[in-house]
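These are my notes from a first look through a structure that was new to me. I wrote each entry down in the order in which I looked things up.

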Amino acid sequence: MGGHVPAGLAVEVNASTCRMRGTDHVPIRCAALTGKIGQSVACGIYEWRPSPCHEFEEGCHACHQARSRHGLPPLDAMTAREILRIPDI
Ligand code: SF4
């Protein structure tokens with residue numbers, strides 16, 4: 001699972017798979033997520049997040065689905081740039 005997730009935050013599923021604590025029950029909330037959903041959240045282990053989290057992009061279909069589960073609208077590219085404070089090129 002990336003090999004750098006701090007101890008206690010990953011749960012072993014089987015010999016080759018782990019998942020983040022808190023993602024195996026409903027409501028789903030990764031134990032590493034800080035803040036209040038719908039207001040301001042962040043990954044508390046961003047530098048050490050597992051590889052699936054590196055592949056998850058703001059505004060992708062999975063992002064829309066995750067936001068929808070919390071009653072939030074899809075994140076458009078402009079909003080994502082504002083939230084992430086990415087300067088215009
Ligand atoms: S990016 Fe999200 S799902 Fe991944 S470790 Fe951080 S808070 Fe958890």
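**Overall layout**

I began with the order of the elements, and from the N terminus on the protein runs β-β-β-β-α-α-α. That agrees with the tally I looked up next, which gives 3 helices and 4 strands. I note here that what I have in front of me is a predicted model, and I read every entry below with that in mind.

I then asked how much of the protein counts as buried. Of its 89 residues, 6% fall in that class. I also looked up the contacts between residues at least 6 apart in sequence, and 23% of these join residues at least 24 apart.

**The strand pairs**

I took strand β1, residues 10-14, together with strand β2, residues 17-20, and found that the two run antiparallel and are joined by 4 bridges. The link from β1 to β2 is a hairpin of 2 residues. To place this pair in the sequence, I noted one bridge, in which Asn14 has Thr17 of β2 as its partner.

I went on to strand β3, residues 33-36, and strand β4, residues 40-43, which pair in the antiparallel sense, again with 4 bridges. Following the pairing along β3, I found Thr34 opposite Ala42 in β4, and Gly35 opposite Val41 in β4. The hairpin of β3 and β4 has 3 residues between the strands, and in this hairpin Gly38 takes a positive phi near 95°.

**Around the ligand**

Which residues surround the ligand? I listed Met20, Cys30, Ala32, Leu33, Cys43, Ile45, Arg49 and Cys53. Sorted by class, this shell holds 7 nonpolar residues, no polar ones and 1 charged residue. The charged one is Arg49, because Arg is put in the charged class while Met, Cys, Ala, Leu and Ile are put in the nonpolar class. Comparing this list with the strand limits, I saw that Met20 belongs to β2, while Leu33 and Cys43 belong to β3 and β4 respectively.

**Helix α2 and what follows**

I turned next to helix α2, which covers residues 61-69 and includes Arg69. Is this helix covered or hardly covered? It is hardly covered, since the count of buried residues among its 9 residues is 0. Arg69 itself counts as exposed because it has 12 C-beta neighbours inside 10 Å, and a residue is classed as exposed at 12 or fewer. I also looked up how Arg69 lies relative to Pro27: the two are 42 residues apart in sequence, and their C-alpha atoms are 9.2 Å apart in space.

Just after α2, I noted that Gly71 takes a positive phi of about 75°. Further on I stopped at Pro74, which lies in the loop between α2 and α3, the latter being residues 77-84. Why does Pro74 count as exposed? The reason is that it has 12 C-beta neighbours inside 10 Å. Leaving aside its neighbours within four places in sequence, I found Pro74 in contact with His64 and Arg67. Of these two, I looked up the separation for His64, which is 10 residues from Pro74 in sequence and 5.0 Å from it in space, C-alpha to C-alpha.

Note on methods
Residues numbered from 1 in each chain as written. Predicted model: local features only at pLDDT ≥ 70, side-chain atom pairs only at ≥ 80, totals over all residues. Near = placed C-beta within 6 Å. Buried ≥ 20, exposed ≤ 12 C-beta atoms within 10 Å, placed from the backbone. Pairing = 2+ DSSP bridges. Contact = placed C-beta atoms within 7 Å.
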